[in-house]
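Open your viewer and get ready to select residues as we go. Each stop below tells you what to pick next and what you will find there.

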Amino acid sequence: MNCLLKRKNKKGVIVYGLLTTLFQGARATDNDSEALAQSERLKIPPVNIVPYKSLMGDTSVIFEQFFFFGDEDGKNSYESFLTNFKDGKWKIVKDKFWIMITSTTGKPVVIYANLPIPEPDDEEAQNQLCKFLNEHNIHPSIIVHRGHSYHLPLTLDRLSRQTKIVVLGSCGGYHNLATVLDHSPDAHIISSKQTGTMKVNEPIVKEMNDQLLAGKDINWIAMWKSLNEYFDKKYPGVKNNEVKEKFSDYVPPYKNLGAIFIKSYRRLFDADGAAAAAN
């Protein structure tokens, strides 16, 4: 009983310490230096930056995978998604079940997306694409879900430890943080607390890929500043507040206190448990 009480007390100490650190650092989250300092205090990798090299894995190519579904929303999302690749920087090759989008300028980036084949065959398209990727030892480091929230479990089941960035383009994706981190402990997560929308998803995807084509680390603070400027310019005035409000509901990784807490708690508690076992 005493050992159990001590164990529970240690959990409480860890939780209280993490919450204190999180709230102290929350005021300065738009500062790279403070974000890095906070990450060090929490004993987790930087929350504001994803190194370019970490996204390459064992190759010189960055692979991404997008999940689409065969309902009307999925078809519209797919057509909207394709607009990101009509600037002459990409080549698109279509297969029976998926498309492959390859960069033709800048650094090598390859994007796979299953076709939004009418339900229920959309799941088969995803299965065929995943089978192809596994057979060719391709492990996408970036996973993007594009569909209603009730489709999300199918995408989450495809995450792996190699996944470094997860974009949940569905409504309420923020409520799935723990599940994402169960599959991908180091993932940086972009999600919405409210309504996901194509008008926000596409600029996020484009901004992220522009950084990758340039061979740059993904800096979320700089990227979110650029996105804020984009939305202010594209949707000026009170009449366009709806889109900007939806964007404001998207939580970038460096402000995702829920994910940051879970990552830090698991690392500290695992380390504490390992130390206790060693003793």
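A quick term before we start: a cavity is a set of grid points where a 1.4 Å probe fits but cannot get out, and its lining residues have an atom within 4 Å of a point. One thing to keep in mind throughout is that this is a predicted model.

**Stop 1: the sheet**

Begin by selecting the strands and colouring them. Eight of them form an open sheet with mixed pairing, in the order β3-β4-β5-β2-β6-β7-β8-β10. Now pick out β3 (90-94) and β10, which stand at the edges; each has a single partner strand, so one side of each is left without a neighbour in the sheet. Next, show helix α4 (residues 121-135), which packs on the sheet and touches β2, β4 (98-103) and β5 (109-114). The direction of α4 makes about 145° with that of β5.

**Stop 2: from β6 across to β10**

Select strand β6 (residues 142-145) together with β7: these two pair in the parallel sense over four bridges. To see one of the pairings, show isoleucine 143, whose bridge partner in β7 is valine 166. Step over from strand β7 (residues 165-168) to β8, and you meet four bridges again, with the two strands running parallel. Here isoleucine 165 has histidine 188 of β8 as its bridge partner. The next step changes direction, as β8 and strand β10 (residues 250-251) pair in the antiparallel sense over two bridges. Show serine 191 and you will find valine 251 of β10 opposite.

**Stop 3: a closer look at β8**

Are the residues of strand β8 (residues 188-192) buried or exposed? Five of its five residues are buried. Turn the strand to check both faces: His188, Ile190 and Ser192 lie on one side, Ile189 and Ser191 on the other, and all are buried.

**Stop 4: the two cavities**

How many cavities of 30 Å³ or more are there? The count comes to two. For the largest, select Val47, Ala187, His188, Ile189, Pro253, Asn256, Ala259, Ile260 and Lys263, which line it. Its volume is about 60 Å³. Both β8 and α10 (257-278) supply at least two residues each to this lining, and α10 gives the most, with three. By class, the lining of the largest cavity has six nonpolar, two polar and one charged residues.

For the second largest cavity, select Asn84, Phe85, Asp87, Trp90, Lys206, Asn209 and Asp210. They enclose about 50 Å³ of space. Helix α7 (residues 198-213) gives the most to this lining, with three residues. The lining of the second largest cavity divides into two nonpolar, two polar and three charged residues.

**Stop 5: the largest pocket**

Now move to the largest pocket, which holds about 240 Å³ of space. Of the 14 residues that line it, select the closest to its centre: Met56, Gly57, Asp58, His139 and Gln162. The whole lining of the largest pocket has four nonpolar, seven polar and three charged residues.

**Stop 6: lysine 53**

Finish in the loop between β1 (49-50) and β2 (62-67), where you will find lysine 53. Why does lysine 53 count as exposed? Its relative accessibility is 68%, and exposed means over 50%. Add lysine 216 to your selection: lysine 53 and lysine 216 are 163 residues apart in sequence, and their C-alpha atoms are 9.2 Å apart in space.

Note on methods
Residues numbered from 1 in each chain as written. Predicted model: local features only at pLDDT ≥ 70, side-chain atom pairs only at ≥ 80, totals over all residues. Heavy atoms only, no water. Buried < 20%, exposed > 50% of the residue type's maximum accessible area, 1.4 Å probe, protein only. Pairing = 2+ DSSP bridges. 1 Å grid on protein atoms, 1.4 Å probe; cavity = no way out; pocket = protein on both sides within 12 Å on 5 of 7 lines; lining within 4 Å. Points joined across faces, edges and corners; volume = space filled by probe spheres on them. Nonpolar A, V, L, I, M, F, W, Y, C, P; charged D, E, K, R; others polar. Contact = heavy atoms within 4.5 Å. Axes fitted to C-alpha atoms, helices over the stretch in contact; angles between N-to-C directions.
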